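Here are some notes for a colleague who is looking at this structure for the first time. Please read them with the model open beside you.

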Amino acid sequence: MPNHKSAEKRVRQNHKRKLHNSYYAKSMRTAVKKLRNTTDKESAQKQLPRVFSMVDKLAKKNIIHKNKAAREKSKLSRHLKSLS
């Protein structure tokens, strides 16, 4: 347990930020899964910019690592290209 008032506040802040960040990370994972499970190329092309934007914003805010963002975008692009 923290002994200082400022340390107690940091614990509260960290907990709040963790919940906030995990919510957005989970939203991204759900959107990525939904896009990967899509077999229709047209609907996948409509979803792609929205998912890319989401991934980029999370990387910018350091919720996910920039390399993870690049890797996800690359995988999604390859998936879209493989759809016929």
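The points below concern the salt bridges.

1. Please keep in mind throughout that this is a predicted model. With that said, the count of salt bridges comes to 3, and the points that follow take them in turn.

2. The side chains of Arg36 and Glu72 form a salt bridge, with N and O 3.0 Å apart. This pair joins distant parts of the chain, since Arg36 belongs to helix 1 (residues 5-36) and Glu72 to helix 3 (residues 66-82), with their positions 36 residues apart in the numbering. Arg36 is partly exposed at 33% relative accessibility, whereas Glu72, with a relative accessible area of 10%, is buried, because it falls under the 20% limit for that class.

3. Glu72 also meets the side chain of Lys68 in a salt bridge, at 3.5 Å from N to O. Here both residues lie in helix 3, 4 residues apart, which is about one turn of the helix. Lys68 is partly exposed, its relative accessible area being 28%. Taken together, Arg36, Lys68 and Glu72 are linked in a network of salt bridges.

4. A further salt bridge is formed by Asp56 and Lys73, whose closest N and O atoms are 2.9 Å apart. Asp56 lies in helix 2 (residues 41-60) and Lys73 in helix 3, so this pair ties together parts that are 17 residues apart in sequence. Both partners are partly exposed, Asp56 with a relative accessible area of 35% and Lys73 with one of 22%.

Terms used: Residues numbered from 1 in each chain as written. Predicted model: local features only at pLDDT ≥ 70, side-chain atom pairs only at ≥ 80, totals over all residues. Heavy atoms only, no water. Salt bridge = Lys/Arg side-chain N within 4 Å of Asp/Glu carboxyl O. Helix = DSSP H or I, 4+ residues; strand = E, 2+ residues; numbered from the N terminus. Buried < 20%, exposed > 50% of the residue type's maximum accessible area, 1.4 Å probe, protein only.
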